[in-house]
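Colleague: I am new to this structure and would like to understand how its descriptions are justified. May I ask about them in turn?

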Amino acid sequence: MKILRDEKLLRLPCMEVSMKQGLKTAKQLFSILDNYNRNYLVQGIGLSAIQCGIYEKVCIINLQNNKFCLINPKIIEESNVKFTTIERCLSLPGIEIETQRPLWIRIKSDNLGIQIFGITDIAKFTKYDKLLVTCIAHEIDHCFNRLIIDFKKE
Ligand SMILES: [Zn+2]
């Protein structure tokens with residue numbers, strides 16, 4: 001299965017899924033991302049179902065072998081303080097965008113319940129925390145059809 005690069009297809013709505021269906025999709029996404037990372041120099045750390053033409057609210061993260069999936073995730077709260085970073089997207093090859101992301105996000109998903117990612121103290125913000133919170137926000141954005149190129153318009 002290929003990773004979609006057509007913006008129009010990334011703007012179609014995603015459905016909520018059952019836990020069973022979500023876990024099945026997540027398994028597929030891990031294998032697609034592993035396969036991608038074996039074949040390309042640029043390494044992906046997250047993937048959403050919509051990027052593979054599966055219109056479900058499911059995404060996966062594989063950051064330094066810390067793997068997890070999110071089924072029907074949404075961001076329910078985020079810090080007012082933001083940091084600036086540079087993001088890329090496997091669906092938008094060759095594009096780098098400067099984005100602002102919150103230091104922490106509180107998310108709710110069917111499989112993990114309510115969890116906070118990121119950190120409250122900017123002095124203790126490691127590169128890993130920064131990548132993790134950015135990646136999770138980026139993948140959840142895909143579930144709601146938001147792309148990094150939208151940051152330019154805001
Ligand atoms: Zn992306």
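The exchange below moves from the whole chain to a single residue.

Modeller: Please note at the outset that this is a predicted model.

Colleague: How many helices and strands are in the protein chain, and what pattern do they follow along the sequence?

Modeller: The protein chain has three helices and eight strands. Read along the sequence, their pattern is α-β-β-β-β-β-β-β-β-α-α.

Colleague: How do you know that the radius of gyration agrees with that of a compact globule?

Modeller: For 154 residues, a compact globule would have a radius of gyration near 15 Å; the protein chain has 15 Å, so the two agree. Along its principal axes, the C-alpha trace spans about 40 × 35 × 30 Å.

Colleague: What share of the residues counts as buried?

Modeller: Of the 154 residues of the protein chain, 31% count as buried. As for contacts with a separation of 6 or more, 65% of them are between residues 24 or more positions apart.

Colleague: Why is Gln100 called exposed?

Modeller: Gln100 lies in strand S6, which covers residues 97-102. A residue is exposed if 12 or fewer other C-beta atoms lie within 10 Å of its own. Gln100 has 10 within that distance, and is therefore exposed.

Colleague: Which residues does Gln100 touch, not counting those up to four places away in sequence?

Modeller: With those set aside, Gln100 touches Lys82 and Thr84.

Colleague: How far apart are Gln100 and Cys59?

Modeller: Gln100 and Cys59 are 41 residues apart in sequence, and 21 Å apart in space, C-alpha to C-alpha.

Definitions and conventions: Residues numbered from 1 in each chain as written. Predicted model: local features only at pLDDT ≥ 70, side-chain atom pairs only at ≥ 80, totals over all residues. Helix = DSSP H or I, 4+ residues; strand = E, 2+ residues; numbered from the N terminus. Rg over C-alpha atoms; globule rule 2.2 N^0.38 Å. Buried ≥ 20, exposed ≤ 12 C-beta atoms within 10 Å, placed from the backbone. Contact = placed C-beta atoms within 7 Å.
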